[in-house]
Amino acid sequence: MSTGTVWLMPDGISANLLTPLLPDGDIDEGTLRRFVEFHVGIEAVTSLAININLSESHNMTLEERERAAEIIVDQAAGRVGTIVTVSALTMRDAIRLTRHATEIGADAIMSVPPYDVVLDHQTLLEFYRTLADATHLSLIGYHIPSWQSGAGLHPDLVVDLVQAAPNFVGIKDASFQVRYQCEVTAAITDIRPDFSVTSSLEWLVATIGLGTRAANSAVVSLAPNLVSGIVDATAVRDWDGAREHTRRFVELWSAIYPHFPASLKVVSEEMGRPLGPMREPFRPMPPSIREQLVATVDRLGLRDTEPVGWGELG
Amino acid sequence: MTPPRALRPADGGPSVVHCPVTPYDADGSIDAEALASLLRFHAQHQPTAIALMTFWGDGVGLSNPEERLLIVETARDAVGSVPFMVNVTTSATAHAVDLAQHAVANGAAAVMVGPPLYWRLREDELLGHLGAVASSVPDTAVYLLNDATDTSAGSLTPALVARLAGEHRNTVGLADARLEYLYLVRIASAAPPGGALQVLGFGDYLVPLAGLGAGGVLSGVAGVMPRTLAALQAAVRSGDEEGAKALQHRCSRVARLVADSPLALKAIHRHLGRDVGDARAPSRNLPGDVRERLLREFDELMRGSDEEGWG
């Protein structure tokens, strides 16, 4: 099914979107649309990653995932790219989500290998080929070896997939490892120079020298100026500036990560953009942890340097 | 007295430290003659330094103290003006201290020490061990080693590194084998007041490490592609992004092919006309078909290069 011009991962930031929820746990459609507008208004954001893990997609029904994708793609209205995560426990569900993303006009789908099982090279190859063949959208692989008992998208698999599926355009690398990024980039660059290997978080300062032009970010929802600062500084090779922004980012991320993803909603609320509760099994954040997060926000001066409230962006 | 300084090239560019393999003769003893030849080969390529007994040099497998002493003494006579550093990571504090002092007595410019092998230690025990080594060679640069293997279970947290660097002014850097982005950024902020820690990454990933602000690399493949690595170092230093990217990709491909195997490195050395011996028990040489595929792929990756012979 993959024919014609394929959508390529644009330079800049792919924002990992949380899912705003109402007190009863339903998707808060109004806030989700506002949340999309907020991100579209950030110059560095060039695409939106939908229904990824921090979106609580594991806790949502297929119908809810489809509805969230519909809202986001509709609200984005082509102003930024839209990438729908179709990761699922079964091939059938992944195909269903893929077809739905195709129908609603998203730009790309993204998937981890099937959860909880370690699959061999050929099985993984067939899994991704099946997804690629089910859509004309671009396909992005999601490398997060900690979820697959250390496996994931080995560079050999990436090479084979590129040769097998013209619409396989990139991978999101959540290994956080210098070595993997170097090895997979080196393996692929001569075969598909426009293939995108994006790092999770804001490691552009390390990866831009390898040819990377994009990164994935959850923090951009909280501190868009900080993240944009990294993008801008690396673009003009202001290494000292980029490293200082990155150091500040790491300070923020170090407070958020131990309580991820619920901590993202806490900080978003602190920044004047409440996104509602998390679904169970997440529980309301204990006051002591909330205080630590608030202290980090204060120490970094985020309320002085970042947008507070929805403002014009939302 | 001025505290010792980190190992940096005179031109101010990133450091590239060569990590040689350890040659053995037919009965498994260290082949001092081949080692001397190999070290001279490394030295003639003018690396920032040569690091002995890293895991590419069978550091963990050199349980016999006599062997470690022999390697240091061979380096003393072979490397000329190129500085050398010695990995003194062992399981016993006394052994690490003895080796560090022997290394310095024989001209080592730096020692590298990681958490003791095999033991799981409390932070105060870790501080005691690492601090004892640093104190034993107060006028010599000390690099802390953040190992990637399970034989070393201690954790060099940024706070612990900062404390050691604050208490021992000869702690000038950290050699990191884990290469995790988050850790590298955190460790860059861990320097004590008024000081700066030089971070060297194990591996050949100079471009991303330089981007993160690291000081350079400790390279295992340097022995089989020293000219390529020197060209990468020069490209990074001069800001030649496209050149650096292409060279980085070549280094990354070879590093992936070798996969941190000293046996693979030895096979390539021999293939290039530099016989540095075989494996010794319990390791075994690569099976013939594996070796042939390795060399075929190496030749393919290095087509057009002139990385042959002893020079």
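**Exercise 1. Work out how many residues each chain gives to the contact in this predicted model, and how much area is buried.**

Start with the residues: chain B brings 25 to the contact, and chain A brings 30. This is a predicted model, so keep that in mind as you go. Next, turn to area: about 2,500 Å² is buried between chain B and chain A. Finally, split that area by atom type: carbon and sulfur atoms give 58% of it.

**Exercise 2. Find the polar links between chain B and chain A, then say which elements of chain B touch chain A.**

First, count the salt bridges between the two chains: there are four. For a worked case, look at D260(B) and R179(A), whose side chains form a salt bridge with an N to O distance of 3.0 Å. Then count polar contacts, with both residues at pLDDT 80 or more: 11 residue pairs between chain B and chain A qualify. Now list the elements of chain B that each give two or more residues to the side touching chain A: α6 (181-188), α7 (206-212) and α9 (241-258). Of that side, α9(B) supplies the largest share, with eight residues.

**Exercise 3. Locate V60(B), decide whether V60(B) is buried, partly exposed or exposed, and name the patch that V60(B) helps to make.**

Begin with position: V60(B) sits in the loop that runs between β2 (49-52) and α2 (65-78) of chain B. Next, check accessibility: V60(B) has a relative value of 39%, so V60(B) counts as partly exposed, given that this class spans the range between under 20% and over 50%. To finish, look for its partners: together with Y118(B) and W119(B), V60(B) makes a nonpolar surface patch of about 340 Å².

Technical notes:
Residues are numbered from 1 along each chain as its sequence is written. Chains are lettered from A and ligands numbered from 1 in the order in which they are written. This is a predicted model: local features need pLDDT of at least 70, side-chain atom pairs count only at pLDDT 80 or more; totals for chains, interfaces and linings use all residues. Side-chain values use heavy atoms; hydrogens and water are left out. Patches are made of residues with over 30% relative accessible area and no salt bridge: like charges are joined within 9 Å, nonpolar side chains (Val, Leu, Ile, Met, Phe, Trp, Tyr) within 5 Å. Accessible areas come from the Shrake-Rupley method with a 1.4 Å probe; for residues, only the protein chains shown count as cover. Helices (H or I, at least four residues) and strands (E, at least two) are DSSP runs, numbered from the N terminus. Buried means under 20% relative accessible area, exposed over 50%, partly exposed in between (1.4 Å probe, protein chains only). Contact means heavy atoms within 4.5 Å. Buried area is the accessible area (1.4 Å probe) that two parts lose on being put together, summed over both. A polar contact is a pair of N or O atoms within 3.5 Å; within protein, one must be able to donate a hydrogen and the other to accept it, and residues adjacent in sequence count only if both atoms are side-chain atoms.
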